[in-house]
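User: Please take a close look at a single part of this structure, the one where aromatic side chains meet. I should like the answer to begin with the protein as a whole and then to work towards that part.

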Amino acid sequence: VGRLMGINDEVVAEVGREIGEFADKYGKDAVAKCGEWIRSQAPAGMFAEDADKLSSSATFSDEEVATFRELLNEAYEESGLVTEAFAKTF
């Protein structure tokens, strides 16, 4: 199993599932578009010039934004679970 750096069997066991798998239900395109949406919310110059150009011209439907927010909520929740698991297994 390919894992993010630092994620080991103990952390996975503590969380109860592989880390990041929740994002599979959204698909790679939605995850990439979510990143694009996040960049579009940033002030000019925060990201590399190429990323700024892509993000400044991007438009997203209300439905897409709702999906991005749902994805991010799950990511934030999982981040907390992983942090807690690290604390217990360190």
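Analyst: In this predicted model, the mean positions of the 9 positive and 19 negative charges of the protein lie 1 Å apart. The accessible surface amounts to about 6,400 Å², and carbon and sulfur atoms contribute 54% of that area. Of the 90 residues, 27% count as buried.

The fold consists of four helices and zero strands, which gives the pattern α-α-α-α along the sequence. Its C-alpha atoms occupy a box of roughly 45 × 25 × 20 Å along the principal axes. The radius of gyration is 16 Å, whereas a compact globule of 90 residues would have a value near 12 Å. Among contacts with a separation of 6 or more, 67% join residues 24 or more positions apart.

The part in question can now be examined. The structure holds two aromatic pairs. One of them is formed by tryptophan 37 and phenylalanine 68, with 5.8 Å from centre to centre and 35 degrees between the planes. The pair is classed as tilted, because planes under 30 degrees apart would count as stacked and those over 60 as edge-to-face. Tryptophan 37 belongs to helix α2 (residues 28-41) and phenylalanine 68 to helix α4 (residues 62-89), so this pair ties together parts that are 31 residues apart in sequence.

Both partners of this pair are covered. Tryptophan 37 has 9% relative accessibility and counts as buried. Phenylalanine 68 is likewise buried, with a relative accessible area of 2%. Phenylalanine 68 also takes part in a pair with phenylalanine 60, where the centres are 5.6 Å apart and the planes meet at 80 degrees. That geometry is edge-to-face, since the angle is over 60 degrees. Phenylalanine 60 has a relative accessible area of 19% and is buried, because the cut-off for that class is under 20%. Taken together, the ring pairs link Trp37, Phe60 and Phe68 into a cluster.

One neighbour of this cluster deserves attention. Cysteine 34 lies in helix α2, the helix that also holds tryptophan 37. At 3% relative accessibility, cysteine 34 counts as buried. Leaving aside residues up to four places away in sequence, cysteine 34 touches Phe68, Leu71 and Leu72. Phenylalanine 68 is thus a member of the ring cluster and a contact of cysteine 34. Cysteine 34 and alanine 87, by contrast, are 53 residues apart in sequence, and their C-alpha atoms are 29 Å apart in space.

A residue outside the cluster completes the account. Glycine 27 is found in the loop between α1 (9-15) and α2. Its relative accessible area is 24%, so it is partly exposed. The C-alpha atoms of glycine 27 and glycine 80 are separated by 22 Å, with the two positions 53 residues apart along the chain as the sequence separation.

In summary, the part consists of Trp37, Phe60 and Phe68 joined by ring pairs, and the tilted pair connects helix α2 with helix α4.

How values were computed:
Residues are numbered from 1 along each chain as its sequence is written. This is a predicted model: local features need pLDDT of at least 70, side-chain atom pairs count only at pLDDT 80 or more; totals for chains, interfaces and linings use all residues. Side-chain values use heavy atoms; hydrogens and water are left out. Helices (H or I, at least four residues) and strands (E, at least two) are DSSP runs, numbered from the N terminus. The radius of gyration is taken over C-alpha atoms; the globule rule is 2.2 Å times the number of residues to the power 0.38. Buried means under 20% relative accessible area, exposed over 50%, partly exposed in between (1.4 Å probe, protein chains only). Contact means heavy atoms within 4.5 Å. Accessible areas come from the Shrake-Rupley method with a 1.4 Å probe; for residues, only the protein chains shown count as cover. Lys and Arg count as positive and Asp and Glu as negative; His and the chain ends are not counted. The place of a charge is taken as NZ of Lys, CZ of Arg, CG of Asp or CD of Glu. Rings of Phe, Tyr and Trp (its six-membered ring) pair if their centres lie within 6.5 Å; planes under 30 degrees apart count as stacked, over 60 as edge-to-face and the rest as tilted.
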